[in-house]
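User: I would like a close look at a single part of this model.

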Amino acid sequence: MNVELRELLRVIDPAFGNDSRAWTRVTVVRNIAAIGTAAAGASEGGGGFKLLVTDRRGVPQWVGRCVGLGDPPGWLTGDHMMELSHDPVASAHVPEVRTAESANLRLMLTAYLGATSLRSLGERMRPEAWGQHARAVAEVADRVTARAGTINPTLLAALTVSEQERRLARDLLLVGEAMPEMPIVEILRPFLARYAELPFRLQHGDLWSQNVFWRNGRWWLIDFDECGEFYTPLHDRFHLLSAAPRAATERPWFALRGDQRPDDWGRARAAVLRDHAAQLGLDDALVGLSLVAYLVHLIGFRMRPPLHGLFTARLIGKLTRVSTYLSEGGAIEKLVPLR
Amino acid sequence: MIGDPQGRPPTTPTGDPVSNWQWLAHVVHRERLLVISDGDLPFARALGVGFTEQTIVPAELMLGIGRGEPLPFVTGTFDCVAVPDADAVFDLFSSEGEARAACSELRRVLRDHDGLYVGFERTGVADARRWSRRARRLSPSKQRRMLVRCGFRALRSYYVEPSPQRPYSIIPAATGAVVAWERLSAGGAWQSRARRMVARAGLHPLLFEHRVVIGGT
């Protein structure tokens, strides 16, 4: 096999050194873009491929990504996760990450958990049980993310109100571009007047049910690439609730019309938010404002490179529902029912 | 990384992943690449992204090569040779001897210690209409033996999903690797179990449409 790739694998897992069948241990599972060489310089795209690395018997050991050093830097951003995986406190919930770099390639591998994701587990759960698990996951995410800020204080540099307001203005512009058919900014602006009152805090950023695993009696979190992008309180919880089991996702749980009441799934979701909102001192209006800010920032993020609007359709649908609710006289205090 | 709730690959243009085979092969120099193309020129070009110079010759040229004519290049001209649709090329030959002569000629124009990419379609058991025609072709083991006899070394077979033009997954043709991949890409429960049983039984060629051989000299 390619000597450079093999050497990187040997650095991460010495067993590759003398294994003549080492090539059978590397499966490319998500080959989405050409790897640029260092000599060729940054390519237009990037992304490289994801690897599944097994042992000799085919038992998965590592999953990860291989990119070229010539690729744009954003394509391999597992540094936060690597820091956390080596931290004595956070490593109880973050799998081990190892990296290696050569003249042309950069490889980052994460220990394969062989565990069931919250998404798979949740499909078989009743709303109340799912809500309890989601609450436990969110609490773990709070602890681990707080640890990320301690390990890497640069992640906390954006916690100032002025920086958050600057980001809100930037993301509102992008939301306006993404939803040209309605005067979204004009509708939302009055409701964002109390934005500076939010208790901003560092968030995991992509805490959805496929990034959460249950193994050996505890929750494991992966994919901290967006840690440092979002600081709206409840962002992680809203993100987790958005990716609820299939039975729940089609049921409305926010921006309910006059006669609508939350069902079991809605009440389970409210329970995930309620205690934490109380801990943060958020009143009902600030919880509603947090939902608006969550959607605005996430759409803004996905409108920017490298995603250029990928995966925004559902979010735009949700923000349309929220803005329609508000423009028709709905109270922001009742936007997210907590009881 | 953004997770896609639908599990689809991103659709934004991010370069051409077809050329990533070079990171699985032992390609030392990326200067001159020879591609024997059956007419899919965009695919042929994408295979050689990163090479300084690409020479694309039509597959029909190999017909004469199999009958003893030399390729019009001096010995050791190329750092790498790619035959992206080898089935189509081998179809041109009327005997195994012709195929072997053509492979020897490819070996001649390739520098020592450099790369080879050969793409084969699976002999499609499910595709009964074409079965009789395909059955006459060289079997995978015969193809492999022939390439070895012609001087190619360290040959490794991979299954490519969904096709060499869109190599979203590149799976080593070894039972452990195929079973691991099947576990990872689990679909519906019974289909997934059935596929894993087929893989464990060593019948994994039944699971994939395309096979690629990567090697060196």
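User: Among contacts in chain B between residues at least 6 apart in sequence, what percentage join residues at least 24 apart? After that, please go through helix α10 of chain A in detail, beginning with its crossing with helix α5.

Analyst: The model is a predicted one. In chain B, 70% of the contacts between residues at least 6 apart in sequence join residues at least 24 apart. The secondary structure of chain B consists of eight helices and seven strands, and 41% of its 217 residues are buried.

Now to the helix in chain A. Helix α10(A) covers residues 284–303, and helix α5(A) covers residues 161–178. Their axes come within 8 Å and cross at roughly 70°. An angle from 65 to 115 degrees counts as roughly perpendicular, and α5(A) and α10(A) are therefore roughly perpendicular to each other. On the α10(A) side, the contact is made by Ala293(A), Val296(A), His297(A), Ile299(A), Gly300(A) and Met303(A). The α5(A) side supplies Arg167(A), Leu168(A), Arg170(A), Asp171(A), Leu172(A), Leu174(A), Val175(A), Glu177(A) and Ala178(A). By class, the residues of this contact are nine nonpolar, two polar and four charged.

The helix also has a part in the largest nonpolar core, which has 147 residues. Leu291(A) and Leu295(A) touch the most other members of that core. α10(A) gives the most to this core, with 12 residues. Leaving aside residues up to four places away in sequence, Leu291(A) touches Phe238(A), Phe254(A), Val322(A), Leu335(A) and Val336(A).

Note on methods: Residues numbered from 1 in each chain as written. Chains lettered and ligands numbered in written order. Predicted model: local features only at pLDDT ≥ 70, side-chain atom pairs only at ≥ 80, totals over all residues. Axes fitted to C-alpha atoms, helices over the stretch in contact; angles between N-to-C directions. Helix = DSSP H or I, 4+ residues; strand = E, 2+ residues; numbered from the N terminus. Parallel < 35°, antiparallel > 145°, perpendicular 65-115°, else oblique. Contact = placed C-beta atoms within 7 Å. Nonpolar A, V, L, I, M, F, W, Y, C, P; charged D, E, K, R; others polar. Buried ≥ 20, exposed ≤ 12 C-beta atoms within 10 Å, placed from the backbone. Core = buried A, V, L, I, M, F, W, Y, C linked by C-beta atoms within 7 Å.
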